[in-house]
Amino acid sequence: MENLFKQQLVKLRRQRNLSQEQLASQLFVTRQSISKWEQGETSPDLNTLVSLANIFEVDLNELVGGERVEATVNDADRVTERRPTNDEMRRHPMNFWEFFAGYWWLLVPLAAIFSSMFH
């Protein structure tokens, strides 16, 4: 995989007509770092890989592994949010936090009632 990364790095840098120095300045690293990555002597950290992918406008998979990922969305692949039905809600008892999230607004009138009772 490391061999693929160094090949991809050189290829993508040259496609953008960037020198090692220009790429290094965009990443805030030294030119020697770019050279070492391209020679396979060292590898960039994850944050730098993400920055490289953004600079070259490629997916991380393409940057690291040379795989071009086509972004296609089929109706079957779409994820839709499904809300639970009333029957499903009845089968699952509500815990305190679920109750509090849904009925927090009741605390205001209850607080007003209790404060008026004690004053």
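Where does Phe28 lie? I started my notebook with that one, and found Phe28 in the loop between α2 and α3. I should jot down early that I am looking at a predicted model.

**Entry: Phe28, continued**
I looked up the backbone of Phe28 next. Its phi is near 60°, a positive value in a residue other than glycine. Then I asked myself whether Phe28 is buried or exposed. Phe28 comes out at 79% relative accessibility, and because the cut-off for exposed is over 50%, Phe28 counts as exposed.

**Entry: the whole chain**
I stepped back for an overview. I counted eight helices and zero strands in the protein. Reading from the N terminus, I wrote the order of elements down as α-α-α-α-α-α-α-α. I also noted that the protein has 119 residues, of which 22% are buried. For contacts between residues at least 6 apart in sequence, I found that 51% join residues at least 24 apart.

**Entry: the loop between α1 and α2**
I went to this loop with two residues in mind. Asn17 lies in the loop between α1 (2-15) and α2. Like a good notebook keeper I checked its phi, and Asn17 has a positive value of about 55° although it is not a glycine. The relative accessible area of Asn17 is 65%, so I list Asn17 as exposed.

Leu18 belongs to the loop between α1 and α2 as well. Is Leu18 buried or exposed? With a relative accessible area of 15%, Leu18 is buried; the cut-off here is under 20%. I then looked up what Leu18 touches. Setting aside neighbours within four places in sequence, Leu18 is in contact with Arg13, Leu23, Gln26, Ile55 and Phe56.

**Entry: α2 against α3**
How far apart are the axes of α2 and α3? I read off 8 Å, with the two helices packing at an angle of about 110°. That angle falls within 65 to 115 degrees, so I call α2 and α3 roughly perpendicular to each other. On the α2 side, the contact is made by Gln20, Glu21, Leu23, Ala24 and Leu27. On the α3 side I listed Arg31, Ile34, Ser35, Trp37 and Glu38. Sorting this contact by class, I got five nonpolar, two polar and three charged residues.

**Entry: α2 against α4**
I turned to the other partner of α2 on my list. The axes of helix α2 (residues 20-27) and helix α4 (residues 46-56) come within 10 Å and cross at roughly 120°. This makes α2 oblique to α4. I noted the crossing of α2 and α4 as right-handed. Which residues of α2 meet α4? They are Leu23, Gln26 and Leu27, and from α4 they meet Thr48, Ser51, Leu52, Ile55 and Phe56. By class, the contact of α2 with α4 has five nonpolar, three polar and no charged residues. Leafing back, I see that Leu23, Gln26, Ile55 and Phe56 are also among the contacts of Leu18.

**Entry: Glu38**
I wanted a closer look at Glu38, which lies in helix α3 (residues 31-39). Its relative accessibility is 9%, so Glu38 counts as buried. Which side chain does Glu38 join through a polar contact? I found the side chain of Arg13, with a polar contact of 2.5 Å. Not counting residues up to four places away in sequence, Glu38 touches Lys6, Leu9, Val10, Arg13 and Gln20. Arg13 also turned up among the contacts of Leu18.

**Entry: Gly65**
My last stop was Gly65, which is found in helix α5 (residues 60-65). I paired Gly65 with Leu4: 61 residues separate the two in sequence, and their C-alpha atoms are 5.7 Å apart in space. Leaving aside neighbours within four places in sequence, Gly65 is in contact with Leu4 and Leu60.

Terms used: Residues numbered from 1 in each chain as written. Predicted model: local features only at pLDDT ≥ 70, side-chain atom pairs only at ≥ 80, totals over all residues. Heavy atoms only, no water. Axes fitted to C-alpha atoms, helices over the stretch in contact; angles between N-to-C directions. Helix = DSSP H or I, 4+ residues; strand = E, 2+ residues; numbered from the N terminus. Parallel < 35°, antiparallel > 145°, perpendicular 65-115°, else oblique. Left-handed = near helix turned anticlockwise from the far one by under 90°. Contact = heavy atoms within 4.5 Å. Nonpolar A, V, L, I, M, F, W, Y, C, P; charged D, E, K, R; others polar. Buried < 20%, exposed > 50% of the residue type's maximum accessible area, 1.4 Å probe, protein only. Polar contact = N/O pair within 3.5 Å; in protein donor to acceptor, adjacent residues only side chain to side chain.
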